[in-house]
Amino acid sequence: MASTSDDIIKNSNGLGYTASSAAHPETLIKPPAAPSKGQDTIEVRLEFGGGLHLLFSSQPRHTINLPRFVPDSDASPPQPVNMRYLVKWMKGNLLSEREEMFGDGDGVRPGILVLINDADWELEGELEYELRDRDEVVFISTLHGG
Amino acid sequence: MSCGNVQDVPEVDVDGVQAEPEKVTMPRKKRVRRIDKSLCQRCQATKSMYIIRNVTYCKECFDAAFYSRISKTLNPALKGFDSFTSSRKSYLLNGSRAPRQTGDAVLALSSGAGSTSMVEMLVSREFIGKGDGKIADLTKGEREVVWDKGWVVYVEFAGVLEGVDDRSEIVKQWVDGLGPGIRYVGLRAEDVFDAGLKGRLHRLGSGLDGVTPTGGENGATVALDVTDPDLPLFSVPESSSSTTTPLEHLRALISSLPPASRPALLSSILNSLLTVAAQTLPNITHLLLGETSTRQASRLIAGTALGKGWSLPLELNTVHRLDERLTRLKPMKDVTTKEAAIYCHLRGLSGWTRNERRWELAGPKGKRDARGKGAVSSLEQLTEHFIAGLSVTHPATVSTINRTGDKLVYPGLGKGNIPDCPVCQLPVDPSALQWKSRTALTSLPNKILPGSTAPVSAPADRADGVTRSHHMIEAQPWTGDGPHDNLAPLLCYGCLTTFTPPTVVSKAVKAEAKPVELPIWISDNIARARKEVGRGEMRQQIGEFLLDGQE
């Protein structure tokens with residue numbers, strides 16, 4: 001269920017999060033997702049662990065901007081960008097070597113753990129998760145090789 | 001609500017007695033407990049963050065479950081299964097903290113998620129003390145440590161893996177920051193050729209400088225011709241081996257093996273270095289490995305494929321006694337790699353860990369890669385990918401494989417003293433060579449080369465300073481007696497397949513091939529096996545003069 005700005009106003013303690021979420025920062029209410037006028041991109045932070053950064057120009061952290069809606073899509077209403085789009089975008093724009101070590105079909109290779117805002121992506125809908133502004137996605141390789 | 005079937009006429013049995021009409025009811029729907037996966041299934045109050053084996057956890061509950069899983073494996077093992085009796089069962093299995101151990105622990109660290117989370121947890125949960133010998137005052141709520149001191153042993157393989165960075169300094173920095181009770185021991189894969197390794201470890205352990213390094217047991221090194229299926233052994237004069245560095249020796253050995261066999265050799269090197277460190281450092285009673293259940297499942301399948309079935313139960317055991325003093329433990333056995341990776345992420349260590357050890361990069365690339373038949377070259381790697389795929393499509397499979405592994409029993413129990421394989425140091429399958437000779441056409445000791453009439457005989461002396469120690473003998477299944485000029489009869493089936501040369505070796509390659517020196521631990525074990533056989537021979541010779549009790 002998406003939080004609205006009304007929810008924030010009703011439950012807010014003035015600190016930007018609800019009292020119940022204070023003990024558990026993972027339940028922090030996100031800022032309203034509605035884009036402001038003229039804003040058509042979202043910022044996504046990417047982090048790589050377990051040695052996976054070696055495939056991404058050896059940089060453990062990246063901050064990227066994605067279009068809010070999937071470009072060149074005939075869908076009506078426009079489709080918000082999701083993890084499927086992000087993985088595809090990463091393969092085309094960020095991955096510097098050995099694509100087979102990261103991707104598998106539309107998704108990521110088995111053995112790569114994905115956390116969206118610190119939560120397991122299996123609980124968030126995996127590839128169908130719709131990305132929001134300032135989301136943080138962590139990819140950790142658990143494959144050991146050898 | 002029931003709906004009796006009114007149309008049914010009560011049946012009359014043969015005695016004319018009317019049978020009791022059976023009440024037919026609508027089958028009651030089995031109540032299915034709906035689980036809200038958005039909530040933590042443990043505390044039922046907080047948003048779930050992680051899903052492990054179909055159970056959802058919030059952060060706090062994940063942390064608690066992780067600790068509980070490790071302590072339930074570790075504590076019973078330390079409480080002493082030797083004295084396991086039914087009356088002590090609840091005490092042993094309740095997961096309460098194990099008593100203080102008499103010695104210290106060696107923690108094997110690869111900087112992967114499994115071993116990193118193990119080391120971090122053992123230190124943060126005060127399983128390892130501060131090395132000051134302090135006894136906790138339980139009346140003041142202090143927690144008793146299990147080991148007074150811990151040695152973290154890291155083995156660097158960068159020297160033999162092309163393009164892999166040396167991380168020993170980074171690892172050392174992290175280990176040094178863990179606290180006063182933890183000491184860092186940095187080893188390199190090529191140390192298996194370093195005669196001064198034990199001396200270095202002694203010096204490190206005692207904190208004394210100037211102790212004379214002690215080398216291998218016999219000081220002599222042995223070389224091996226890996227192009228011959230019999231694996232003939234050669235003795236190497238000390239003068240010829242001293243000019244080459246340990247790293248060059250290791251690279252030569254790795255290059256001489258087929259690419260698919262190299263990870264198995266590197267695994268044996270890792271095991272041998274960890275064992276040497278644990279046996280040489282002072283007062284060590286436990287060697288702890290961070291092998292997760294995912295790796296165990298992979299090891300089980302790969303070990304089966306590699307022909308290690310005979311000793312596999314010993315390799316998979318949570319508790320394995322290496323000698324009278326030293327026990328190897330696998331406290332992470334019930335933790336998946338995913339859990340370990342999440343734990344490291346929660347501790348801010350996921351950027352630091354390296355889960356890929358990339359052993360497939362050791363040595364020159366094989367022809368398969370050049371022909372584009374796929375980069376995967378070892379059974380270990382293939383198995384790992386298979387297990388990773390299974391854990392996504394069939395999430396319960398990893399634990400099922402491990403449960404099967406737990407049921408395996410070592411077949412050599414009660415069969416007397418079975419010799420150990422000089423490479424993997426696990427008991428040798430007595431019929432390994434016979435089995436090999438039945439299944440593969442690899443041993444042809446007296447084969448005749450096309451165009452020649454005489455059997456191939458090894459040159460007596462070589463220009464490179466390597467000489468045959470004995471005349472070549474015909475390869476025969478080892479019966480437990482007789483001298484060993486070949487390595488093959490001493491090896492277990494798994495190591496035999498590791499050292500087996502490719503089926504087709506070109507004449508040019510064979511002509512160029514030189515015997516490669518074997519690591520010190522293998523040379524020592526071969527020497528020990530020879531001594532034991534020598535004793536056996538002597539016993540045979542004087543057997544008729546011995547009294548019954550003396551045999």
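# Reading a predicted two-chain model

Guide: Let's start with chain A, which has 3 helices and 7 strands. Keep in mind that this is a predicted model.

Visitor: What pattern does chain A follow along the sequence?

Guide: Reading the order of elements gives you a quick map. Here the pattern is α-α-β-β-α-β-β-β-β-β. Of the 146 residues of chain A, 27% count as buried. As for contacts between residues at least 6 apart in sequence, 54% of them join residues at least 24 apart.

Visitor: In which order do the 5 strands of the open sheet in chain A lie?

Guide: Sheet order is about who sits beside whom, so don't expect the numbering to help, as a strand pairs with another when DSSP finds at least two bridges between them. In chain A the open sheet goes β2-β1-β7-β5-β6, with mixed pairing. Its edge strands are β2 (61-67) and β6 (119-120), each pairing on one side only.

Visitor: How many bridges join β1 to β7 in chain A, and how do these strands run?

Guide: Check direction pair by pair. β1 (residues 41-49) and β7 (residues 135-141) of chain A run parallel and are joined by 6 bridges. For a landmark, look at A:E47, which stands opposite A:V138 in β7(A). On to another pair: β5(A) and β7(A) are antiparallel over 5 bridges, and A:I112 has A:S141 of β7(A) as its bridge partner.

Visitor: What joins β5(A) to β6(A)?

Guide: There are 2 bridges, and the two strands run antiparallel. A:L115 has A:D120 of β6(A) as its bridge partner. The hairpin has 2 residues between the strands, and A:N117 takes a positive phi near 50° there.

Visitor: Why is β5(A) described as largely enclosed by the rest of the structure?

Guide: Count the buried residues in the element. In β5(A), residues 112-116, 5 of the 5 are buried, so the strand is largely enclosed by the rest of the structure. Then look at the side chains' directions: A:I112, A:V114 and A:I116 point one way, A:L113 and A:L115 the other way, and all are buried.

Visitor: Over in chain B, how many residues of helix α11 are buried?

Guide: The same kind of count works for a helix. In α11(B), residues 337-346, 9 of the 10 residues are buried, so this helix too is largely enclosed by the rest of the structure. Among the buried ones are B:A340, B:I342 and B:Y343. After the helix comes B:G348, with a positive phi near 70°.

Visitor: Which residues touch the most other members of the largest nonpolar core?

Guide: Look for the best-connected members. The core has 144 residues, and those touching the most others are B:V106, B:L107, B:V152, B:V153, B:A277, B:L491 and B:C492. Helix α8 (residues 262-280) of chain B gives the most to this core, with 9 residues. Take B:L491: beyond its neighbours within four places in sequence, it is in contact with B:C421, B:V423, B:A432, B:L496 and B:F499.

Visitor: How many residues does each chain give to the contact between A and B?

Guide: Start an interface with its totals, then ask what supplies them. The contact takes 35 residues from chain B and 24 residues from chain A. On the chain B side, β1 (50-52), α11 and α13 (379-393) each give two or more residues. Of these, α13(B) gives the most, with 7 residues. That side of chain B divides into 10 nonpolar, 14 polar and 11 charged residues.

Methods. Residues are numbered from 1 along each chain as its sequence is written. Chains are lettered from A and ligands numbered from 1 in the order in which they are written. This is a predicted model: local features need pLDDT of at least 70, side-chain atom pairs count only at pLDDT 80 or more; totals for chains, interfaces and linings use all residues. A residue is buried if 20 or more other C-beta atoms lie within 10 Å of its own, exposed if 12 or fewer, and partly exposed in between; C-beta atoms are placed from the backbone. Helices (H or I, at least four residues) and strands (E, at least two) are DSSP runs, numbered from the N terminus. Two residues are in contact if their C-beta atoms, placed from the backbone, lie within 7 Å. Ala, Val, Leu, Ile, Met, Phe, Trp, Tyr, Cys and Pro count as nonpolar, Asp, Glu, Lys and Arg as charged, and the others, Gly among them, as polar. A nonpolar core is a set of buried Ala, Val, Leu, Ile, Met, Phe, Trp, Tyr and Cys residues joined through C-beta atoms within 7 Å.
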